[in-house]
Structure formats: C-alpha cells, structure tokens
Amino acid sequence: METQSNKASAKTMCNGIDWAPLQDAPLVADGPQNTFHSASELLQILTTPPFTNRRWAFRGQANAAWALDHSLDRLQAATVQGYGQIRNTEQSLESDFRRSAHHYLAMPPPKDERIEWLALMRHHGVPSRLLDWTWSPYVAAFFAAVDHLPASPPSAIWALDMTALRKEAVALFRSKHPGGSAPTDEQFLDEDAIPFAFPIEPSRNNERLTAQQGLFLCPNSLEFRLELCLKHTLLHLNPSEPAIRKIVLEPSAHCEVINELYRMNISEASLFPGLDGFARSLGTRAKFAALAELEKPPLPLPNRQLITRL
C-alpha cells in the first residue's frame, strides 16, 4: 500500500455546481475516542463490531494526517497539472502500458476489460486512480505501523463500509441513468456528470493481491480528488450509521503492533510473496529489533552507599 500523500489543488466547480464546501469538510471527526496507545487496545477494537462484518475494508497509512489520495492525485499536486492534463496523463500511461505489456506477460487481460488493465498497472507501480485497500484489518495495521522510526507521527487505519458505498454509488449513477440493469464498473468510469467513489475487485487476482486480501477504491472521474468523490458518496448515507471510520495509532504502539502481527505471520514475507518480500522482511525485523533496544528503559544506577561499604 502507498504511504505518502500530498494535498492536491483540487477543482471544485463542475456542471455549474460549487463543490468547495464539501471539498473542505473533513471525512471524519478526529477525537481521543478514536486514538489507541497499545497493540491490545487496537486489536480489541478491530475484533469487535462493526469491523467483524465482511462489509468493511481497511487501509493503513503511516501518517494520520495524510489524505486518501491516489497516485494520480499526488502526481497532480507535485506537478501542478490541471485535471484535463491528468486525464491525458492517465490515457497516455494506459496506452503505453497496454502496447508493451505483451513483452512481459504471457496472458495480458482482454482489450475491453479496462478495470483489469488498471488493476494490473497499479500492481506494477504505474500512477493510477486506484487506491489500495484490504479486507484484513491486520494487513492494514501492518502498513500503518511498519514504517515506524524514532519521532514518527501517529499513523492511521481507515475503515470503510464497501457494501454501503457501492449501493450509494449505484444510486448516484441511476440519478443520471434511470432504469436498465445493474451498472458495471466500466460504466461507472464513463460517468463524469456527478462525482462518486466505488470499490473494485478485479476478477483475476495476482499473487500479491491475494496475499494481501486486496481490493481498490476508485473515483469515477478525475475531475475531482478521490476524497471529494468519496465525501459526495458518503453524504447521502445514514449519519447515525457511519460508513467510514478513522483509527489513529500512537507511535508508542507501533513496535508492539508489529511484534503482535509477526506472531500472526503478517510480514513483508507473507504480504509480498517471493524473495524480494522475504528480503524486505529481514530488513524490517532488524529495524524493529534495533528500535526495541533503543526503547528499553535505562538500567538503574548502582547504589553508591553499597559500593562504599564494599
């Protein structure tokens, strides 16, 4: 999962509607009730309703202050491109990837399965409108804590009710296209009149996506940042049953969380199958062993009176 984010200079006008108030509104209200200081506290909340329901997916981020931006959002912010340019960038990246993929893949996706192509591009690191999520709260906790260093900021685990989100995405799509059968993901991508976000699970999982129990969150349009598309979708849901939660994890708990997850066999070796993942896991294990030594309390000073008597 990605671990870096920047605020984008977002477009807020579309079809005569000013989306600025929604753009500036927080996704969730932070508070002490959502902040945890130990692995036991975190694991307890992750194993209680509503998070035990399969409706919920999770995303871990190393900095709780980071927005939920996909890599094209971050590219737009870094290069100060307009959103029309970002659409052109996506089209160019997709075209180049499709044209050359057959050199590296024995069985590339069919030409008309755009979702499969976007997921494959994301898997191999191409800037994409897809944002990685996981069905496992423990995998999300790993990505939230694994980049810990001295003086690290609090991290975050985001939780999102994907069933409620997709139901509302369909309703928003239907507001522009009434009737007909259930819309496909490809039809969602063709709708630019109103912003919404929806979950995607590719029909063909790769080994890493399977190991991480992965799925993606996708905006239907690049006219807006992903967060605005998500806010507009959540806006229509029942406020008494929040469909998005943010769990903040204090840095003092990061080492303990990683140790507990190692006991559950969650590490880079299991999440990134292959020699590269195993090698990464060795580096992470060495880092947290060194951090544990740094965080040990100092030995007590010897008793000066006892030394004098001796």
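**Exercise 1. The start of helix 6**

Task: In this predicted model, determine which side-chain atom reaches the backbone nitrogen of Y138 at the start of helix 6.

Solution.
1. The contact is made by a side-chain oxygen of S136.
2. This oxygen comes to within 3.2 Å of the backbone nitrogen of Y138.
3. Polar contacts are counted for N or O atoms within 3.5 Å, and the S136 oxygen, within 3.2 Å of the Y138 nitrogen, satisfies that distance limit.

**Exercise 2. The cover of helix 6**

Task: State how many residues of helix 6 are buried, and which they are.

Solution.
1. Helix 6 spans residues 137-145.
2. Of its 9 residues, 8 are buried, and the helix is mostly covered.
3. The buried residues are P137, V139, A140, A141, F142, F143, A144 and A145.
4. For F143, the relative accessibility is 4%; F143 is buried because the cut-off is under 20%.

**Exercise 3. An aromatic pair that involves helix 6**

Task: Classify the aromatic pair of F143 and F272, and explain why it ties together distant parts of the chain.

Solution.
1. The model contains 9 aromatic pairs.
2. In the pair of F143 and F272, the centres are 6.1 Å apart and the planes stand at 90 degrees, an edge-to-face arrangement.
3. F143 belongs to helix 6, whereas F272 lies in the loop between helix 12 (268-271) and helix 13; the pair therefore ties together parts that are 129 residues apart in sequence.
4. F272 is buried, its relative accessible area being 9%.
5. A charged residue also meets this ring: R280 lies over the face of F272, at 4.1 Å from the ring centre.

**Exercise 4. A further pair and its cluster**

Task: Describe how the rings of F188 and F196 are arranged, and name the cluster that contains them.

Solution.
1. The ring centres of F188 and F196 are 5.2 Å apart, and their planes are at 75 degrees.
2. The pair is edge-to-face because planes over 60 degrees apart are classed in this way.
3. F188 and F196 are both buried.
4. One aromatic cluster is formed by F173, F188, F196 and F198.

**Exercise 5. Helix 13 and the surface**

Task: Identify the residues that form a nonpolar patch on the surface with L275, and decide whether L275 is buried or exposed.

Solution.
1. The patch consists of L275, F278 and L282.
2. Together, these residues have about 320 Å² of accessible area.
3. L275 is located in helix 13, which covers residues 275-294.
4. The relative accessible area of L275 is 67%; L275 is therefore exposed, the cut-off being over 50%.

**Exercise 6. A loop residue and its distant counterpart**

Task: Locate H148 and state how far apart H148 and L291 are in sequence and in space.

Solution.
1. H148 is placed in the loop between helix 6 and strand 6 (155-161).
2. H148 counts as buried, at 5% relative accessibility.
3. Along the sequence, H148 and L291 are 143 residues apart.
4. In space, their C-alpha atoms are 9.2 Å apart.

**Exercise 7. Salt bridges across the chain and within helices**

Task: Examine the salt bridges D161 with R55, R99 with D96 and K231 with E227, giving the location and exposure of the partners.

Solution.
1. The model has 12 salt bridges.
2. The side chains of D161 and R55 form one of them, at 3.0 Å from N to O.
3. This pair connects distant parts of the chain: D161 is in strand 6, while R55 is in the loop between helix 2 (39-46) and strand 4 (56-61), 106 residues apart.
4. D161 is buried at 8% relative accessible area, whereas R55 is partly exposed at 31%.
5. R99 and D96 are joined at 2.5 Å, N to O.
6. Both residues lie in helix 4 (residues 83-100), 3 residues apart, about one turn of the helix.
7. R99 is exposed, with a relative accessible area of 51%, and D96 is partly exposed at 37%.
8. In the salt bridge of K231 and E227, the closest N and O atoms are 4.0 Å apart.
9. K231 and E227 are separated by about one helical turn, because they are 4 residues apart in helix 10 (residues 226-234).
10. Both K231 and E227 are buried.
11. Elsewhere, E90, E94, R98, R114 and R129 are joined into one network by salt bridges that share partners.

Notes: Residues are numbered from 1 along each chain as its sequence is written. This is a predicted model: local features need pLDDT of at least 70, side-chain atom pairs count only at pLDDT 80 or more; totals for chains, interfaces and linings use all residues. Side-chain values use heavy atoms; hydrogens and water are left out. Buried means under 20% relative accessible area, exposed over 50%, partly exposed in between (1.4 Å probe, protein chains only). Helices (H or I, at least four residues) and strands (E, at least two) are DSSP runs, numbered from the N terminus. A polar contact is a pair of N or O atoms within 3.5 Å; within protein, one must be able to donate a hydrogen and the other to accept it, and residues adjacent in sequence count only if both atoms are side-chain atoms. Patches are made of residues with over 30% relative accessible area and no salt bridge: like charges are joined within 9 Å, nonpolar side chains (Val, Leu, Ile, Met, Phe, Trp, Tyr) within 5 Å. Accessible areas come from the Shrake-Rupley method with a 1.4 Å probe; for residues, only the protein chains shown count as cover. Rings of Phe, Tyr and Trp (its six-membered ring) pair if their centres lie within 6.5 Å; planes under 30 degrees apart count as stacked, over 60 as edge-to-face and the rest as tilted. A charge sits over a ring if NZ of Lys or CZ of Arg is within 6 Å of the ring centre and within 35 degrees of the ring normal.
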